[in-house]
Amino acid sequence: MIRIRRLQRQDEDGKWFDDSYAIQASDGKVTCRYNLTWEYLGGRLNYQIQQSGLPLEELEQVFDNPRMRWLPVETLDMSFEQATEFLDPQFHIPRLKKRVTLQAA
Amino acid sequence: MADKYTELLERFDPIAIARYQITAKDLESIEQYIEILQSDFAQNVWQEAVQVGGEYGTSIIIHEVTQIRALKQVGIDPLRYGLKDLQRILDQHRDAHVSALYEEHLYLQEVLTRKFGQRFQVATLVRANQLDDTDLNRFLESAIGIFLFEEDRVEQARQALERLKGR
């Protein structure tokens with residue numbers, strides 16, 4: 001079971017739509033998964049979330065914007081990996097294919 | 001309106017402005033582009049670039065101008081779309097974001113070497129400049145090239161970037 005919380009924004013006509021989501025891993029760590037429109041502000045949000053250590057239910061304390069809204073917590077019967085694989089495409093969040101890390105000499 | 005942007009050009013590094021051929025019209029496009037993406041943020045990327053100015057502000061401008069040009073190269077004028085469409089478009093053309101990251105941090109690499117005598121790998125600067133590892137991972141997995149990442153120098157790079165911002 002995994003818990004998530006959707007963050008919605010408004011389009012040009014004022015209609016709410018799903019923009020990004022926060023997900024809680026089994027160790028309790030909450031991370032926001034965001035699309036490329038956020039640029040580096042997404043990293044800043046994640047830093048604030050992780051510094052605060054707040055649970056999903058209290059994310060408004062970290063990020064409260066009158067033109068965005070957090071929806072109630074949802075529980076999905078999936079693993080973390082399954083949930084992100086399922087949700088990322090819906091939120092237009094680029095999926096990582098592989099990771100190659102080399103150490104400079 | 002062009003006068004406003006001509007004046008704003010003076011806030012940024014003239015060497016980079018010349019090298020990347022950034023014009024007042026480009027600045028106007030960047031402001032419009034960021035307005036579409038982030039109009040609902042308390043402080044968006046454009047506002048931060050203008051406020052900080054100097055080399056660090058220039059690095060943000062390089063990122064945005066590179067991204068807009070990359071999209072235009074594939075026939076997409078991002079200023080013609082709304083936020084929802086751009087979410088999808090940027091996902092479909094994520095290389096535009098990675099190219100922008102590369103140019104932004106290549107410039108920062110050169111500036112830090114020139115000003116402080118500290119040279120970091122581009123990937124190290126990408127990680128140091130972000131507060132999570134999302135962009136680094138996108139960067140390392142891209143087809144743009146093979147990059148070296150100096151995990152043990154991220155904090156040092158972060159301090160150099162803070163110094164560049166004047167903090």
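Here is a short briefing on chain B and its contact with chain A. The model is predicted, so please read the values below as computed from that prediction. Chain B is built from 10 helices and 0 strands, and it meets chain A through a contact that draws 28 residues from chain B and 28 residues from chain A.

**Fold of chain B**

- Reading from the N terminus, the elements of chain B follow the order α-α-α-α-α-α-α-α-α-α.
- With a radius of gyration of 16 Å, close to the 15 Å that the globule rule gives for 167 residues, chain B is as compact as a globular protein of that length.
- Along the principal axes, the C-alpha atoms of chain B fill a box of roughly 45 × 35 × 30 Å.

**Packing inside chain B**

- Burial applies to 41% of the 167 residues of chain B.
- Among the contacts in chain B with a separation of 6 or more, 65% join residues that sit 24 or more positions apart.

**The side of chain B that touches chain A**

- In total, 28 residues of chain B take part in the contact, and chain A gives 28 residues.
- The elements of chain B that give two or more residues to this side are α3 (24-38), α6 (83-92), α7 (94-116) and α9 (134-140).
- The largest share comes from α6(B), which supplies 7 residues.
- By residue class, this side of chain B divides into 10 nonpolar, 8 polar and 10 charged residues.

Technical notes: Residues numbered from 1 in each chain as written. Chains lettered and ligands numbered in written order. Predicted model: local features only at pLDDT ≥ 70, side-chain atom pairs only at ≥ 80, totals over all residues. Contact = placed C-beta atoms within 7 Å. Helix = DSSP H or I, 4+ residues; strand = E, 2+ residues; numbered from the N terminus. Nonpolar A, V, L, I, M, F, W, Y, C, P; charged D, E, K, R; others polar. Rg over C-alpha atoms; globule rule 2.2 N^0.38 Å. Buried ≥ 20, exposed ≤ 12 C-beta atoms within 10 Å, placed from the backbone.
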